[in-house]
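Got the viewer open? Keep the selection box handy and follow along, one stop at a time.

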Amino acid sequence: MQNKGLIKVFAILFGLVCLYQLSFTFITNNVETDAEEFAVNQFSEDVENYSELRDQAEARYLDSVGNNEVIAGITYNDAKDKELNKGLDLKGGINVILQISVRDILSGLANDTNDPAFRKAIAEADEAQTDSQENYVDLFFEAFNNIPNAKLASPDIFANKTLSDEINFNMSNQEVEPIIRRKIDESITSAFEVLRKRIDKFGVTQPNIQRLGNSGRILVELPGAKDISRVKNLLQSTAQLEFWHVYKSNELGNFLVQANNRLAEMKRAEKASTSEADTTATSGDDEIDELLADSADSTEVETGNNPLFDLIVSPGYQGGPVLATFKVQDTAKVMDYLQNPQIRSILPSDLRYAKFVWGVPDEDTQTTGLYALRGNRNMEPPLSGSVITDAQQTYDQLGRIAVSMQMDGTGAKVWEDMTGKASNEQSQIAIVLDNIVYSARGVSTGAISGGRSEITGDFSITEGQDLANVLRAGKLPASADIIQSEVVGPSLGQEAIDSGINSFGIALILVLIWMILYYGKAGLFADIALVVNILFIFGVLAGLGAVLTLPGIAGIVLTIGMSVDANVLIFERIKEELAKGKIQRDAIKDGFNNALSSILDANITTGLTGLILFILGTGPIKGFATTLLIGIATSLFTAIFITRLFIDGYGKKGKSLDFSTSLTKNLFTNMNINFLKKRKVAYVISGLFIVVSIGSLFVQGLNQGVDFVGGRTYTVRFADDVNPSEVQNDLVATFGSAEAKTFGPDNQLKITTKYKVDEEGAEVDEEIQKSLYESLSSYLPADLSYEEFVDGADDKQVGVMQSMKVGATIADDIKNASFWAVLGSLIVVFLYILLRFRKWQFSLGAVAAVFHDVLVVLGIFSLLYKVMPFNMEIDQAFIAAILTVIGYSLNDTVVVFDRIREYVNEHTSWDLDRTVNAALNSTISRTLNTSLTTLVVLLAIFIFGGESIRGFMFALIVGVIVGTYSSLFIATPVMFDSVKKKSSIQKKEKPKAEEAATA
């Protein structure tokens, strides 16, 4: 091997760089361990809210030592920025995909027009969106263009005052469309920046936020985030801040009396009407019936005396902004009363634009006040939150938590006018956030100049900080709904780390022992190269800032198997050269050279599938692909160069190096199996497997996860063992559709429901979580609160340990992306083999084997998912497994094909069947050795690697077994049978062989 000195220097330097990169992780872990011990010593478990107090103490400790030097000028903060990133499944946290509402953006650009054509197009786009993969704006334009004589450049739509500089009345729809698309893209970019600013202020280390194409979707990953409810509110809050003048309670006193009386009359009229009085029915009867139907269970309301007044907890005080106080549970009913057209018609002309809103609910009494804002024809506030330039969490004069705000010049002028008017009229100004009144104070000191204002309310410190953060970052240009989310509790993350490390360690030890047992001292050199390879993988991951996930650890372990495969190929070729009588030095040289082609082909085909996974995958799947691709590169380097350095160095000393032990010396030598003669039997066996698999797929189908069908899934742990059937019956009674399965230990269930899968919003998520808590309450400890059930402590052992939500629309997108990922990998590999072997028969054999393997794996999952004691859902991780199976199957097949091509060139006088059989027999040792080593590795992860990746590992185990079989009995026979003239390959290759012989 040439340039050994250069390779040694590079390997040493690269190893030192990897150790340097990993040192940051070591420093960070040590400091955080000290912080955790400090927090535990500060607060025992006997203290109320000890978990939250420990978190705060730990954060204070880390803040205090953040800039202190730890070693060699490196501080904790420096190390934290460069440590090896851990994914959600290892660290806990939240991963969400937000859908920015393009519908809202379109309505905003059209100034919330009520134009019939616009509204019709919006409604049709809404309907089409439910089962279409097209972008919403495309669906809108398609629907709008189908409406006769409809113009986007209408003054009632987009040719309005706001867009007058870019859109005029004479423009065609085709001219307007690109402008609107650009405006939508600008709005989504604005939303992205707003979210990024909010997340940066949230205090989560190593957050990740990125746009997903042009669909209006934004991916947000927050590893280590613990307060999940707070994160969701922060991400979805539109922060619609408004400042309104408020009516005094006495100004609407008469209206409330008249409204109450009118409601009583309406109720009495409704009670008096009979089913036969169809001639006296009016169009308003349906509205009254619908309006008052919810009140049928109230005895007082049924009497028809005071439908509105009977709901009042306490009246507002004279001259104050609160009209009356109501129970929170009655707010929807009261608002329905006040929004009824017959009730609003009572309002006098000077009050006809009054806008009724609620105040912040009192947590203790569960009551809230009713306010009336001084609205206008367009219902636009005199001042909005767009004028806010800065916001800080502060304290008011009474020591209560508040949020102070600073406005720009325009806002300061309007604020001065508003406060001056309120001072003169002795009225109040309401500060309204997302249609909730936070404060409605009077102004007694005259106009307030300078543009400073303050929001007070019953805030906690974190709520005040979050509100200031949202106001400072700005409001979202449209609503943001969580259409996919994954939440992993920190305690489950720690368990995943433990199981991942255990499985990794066991797999590594087994492989190291096996290589020494099989190849002796040469195996020891391969083991050293393998350890160096692992150092390189983790070092590169840390240096690139990549995220390590549990599937990522699985990818590293799979890489170990591939690294072993490269060494096995080399050692088997060296053994063959030694068997030919070559001296050790020449045998080693020729062995490495002859194995290189197979190693490169095998790793490139696997790398191509990994690349497709990386491009199309998200979250943990991308983590798996990242480690796989890095592992392939480092495995090639260590197997080809590092192992060679050790073997050459040992040989230079004049020592004899055996590539086997006494047990394995003659193993698999002089094999003479007629594989092609058995191909018809193999065809029949495989045909039966495929028929059964296809039949099962049609009859029984697959257990599709929420990734593909949409819905919500929760991993819930109980204090004691539970019966999944009993729990499922209780859940079905609540949700109508639900499934509960044991997930790991008997006290842990995986609960899935499609209840309200098409509805988005934080309110729906909260409703479902509360319903889940109530349904499971009989199985949970009596003292477990809802908050502890959902969030809880870092080390919690009961409650929701992990949750995931996938909207129906994105589920279709995931399914389509998975289909194209598998199809794309097949096409790419077909083309690569065609390019590499220059004959379509080789490509056909390889693709036939891959189709066979995929169908068999799918069939086994279809047949067994109801009886296996572990999760066998078809999700994104399963697609990753299928693509890995494709890569592994091709790895095996390419090695065999490479040997066939070599034998064709060497033995030009042989018939093709003799050539193929000889090639297969010569590779049987490598095939079985690699497959057994990989199986040992996968079994270690399957047994010790944790429940969450057990189904994933099972797919890989089945794939390795089937892939090994297909490379011998499917790929090669199909290639053989597709060659019409069995001697054609030899004839075409013969001149090359003769030229080589002549040379």
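What follows is a walk through a predicted model, stop by stop.

**The whole chain**

Start with everything shown as a cartoon. The protein has 32 helices and 23 strands. Colour by burial if your viewer can do it: of the 999 residues, 53% count as buried. Now think about contacts between residues with a separation of 6 or more: 74% of them come from residues 24 or more positions apart. The next two stops show pairs that are distant in sequence.

**Two long-range pairs**

Select Y20, which you'll find in helix α1, residues 4-42. Then add G539 to the selection. The two are 519 residues apart in sequence, yet their C-alpha atoms are 8.1 Å apart in space. Y20 itself is partly exposed, at a relative accessible area of 44%.

Next, jump to S384 in strand β12, a run covering residues 383-384. What does S384 touch once you set aside residues up to four places away in sequence? The list is L241, E242 and F243. Draw a distance line from S384 to F243: C-alpha to C-alpha it should read 6.1 Å, for a pair 141 residues apart along the chain. S384 is partly exposed, with a relative accessible area of 26%.

**Helix α15 and the residue after it**

Select residues 409-425 and you have helix α15, 17 residues in all. From first C-alpha to last it reaches 25 Å, close to the 24 Å expected at 1.5 Å a residue. Show side chains and look at which ones are covered: G411, A412, W415, M418, T419, G420, A422 and S423 are buried. Keep in mind that an α-helix has 3.6 residues a turn, so residues three or four places apart point the same way.

Zoom in on the start of α15. There, a side-chain oxygen of D408 comes to within 3.4 Å of the backbone nitrogen of T410.

Now slide to the other end, where α15 is followed by Q426. Check its backbone angles: Q426 is not a glycine, but its phi is positive, about 55 degrees. Q426 sits in the loop between α15 and β15, the strand at 428-433. Is Q426 buried or exposed? At 51% relative accessibility, Q426 counts as exposed, because the cut-off for that is over 50%.

**A second positive phi**

Select N111. Here is a residue other than glycine with a positive phi, near 55 degrees. N111 belongs to the loop between α5 (102-109) and α6 (116-129). With a relative accessible area of 43%, N111 is partly exposed.

**Strand β20 and its partners**

Move on to residues 711-717, strand β20, where seven of the seven residues are buried. Turn the strand edge-on and sort the side chains by direction. G711, T713, T715 and R717 point one way, while R712, Y714 and V716 point the other way, and all of them are buried.

Now bring in the neighbours. Which strands does β20 pair with? One is β23, residues 799-806, joined to β20 by seven bridges and running antiparallel to it. To find your place on that side, look for R717, which stands opposite G799 in β23. Another is β22, residues 748-753, also antiparallel to β20 and joined to it by six bridges. There, Y714 stands opposite I751.

**The α28/α29 pair**

Hide the strands and select residues 840-864 and 876-906, helices α28 and α29. Two packed helices are described by the angle between their axes and the distance between the axes. In this pair the angle is about 145 degrees and the axes are 9 Å apart. The crossing of α28 past α29 is right-handed. For the contact itself, show sticks on both helices: from α28 the residues include F842, A846, A849, D853, V857 and F861, and from α29 they include F878, I882, V885, S889, T893 and I900.

**Last stop: N929**

Finish at N929 in helix α30, which covers residues 912-944. N929 counts as buried, at 2% relative accessibility, because that is under 20%. Which residues surround it? Leaving out those up to four places away in sequence, N929 touches W514, Y518, Y519, V568 and E572. Show those five as sticks together with N929 and look around from there.

Key
Residues are numbered from 1 along each chain as its sequence is written. This is a predicted model: local features need pLDDT of at least 70, side-chain atom pairs count only at pLDDT 80 or more; totals for chains, interfaces and linings use all residues. Side-chain values use heavy atoms; hydrogens and water are left out. Helices (H or I, at least four residues) and strands (E, at least two) are DSSP runs, numbered from the N terminus. The expected span of a helix is 1.5 Å times one less than its number of residues. Buried means under 20% relative accessible area, exposed over 50%, partly exposed in between (1.4 Å probe, protein chains only). A polar contact is a pair of N or O atoms within 3.5 Å; within protein, one must be able to donate a hydrogen and the other to accept it, and residues adjacent in sequence count only if both atoms are side-chain atoms. Two strands pair if DSSP finds at least two bridges between them. Axes are lines fitted to C-alpha atoms, for helices over the stretch in contact, and angles run from 0 to 180 degrees between N-to-C directions. A crossing is left-handed if the near helix is turned anticlockwise from the far one by less than a right angle, and right-handed if clockwise. Contact means heavy atoms within 4.5 Å.
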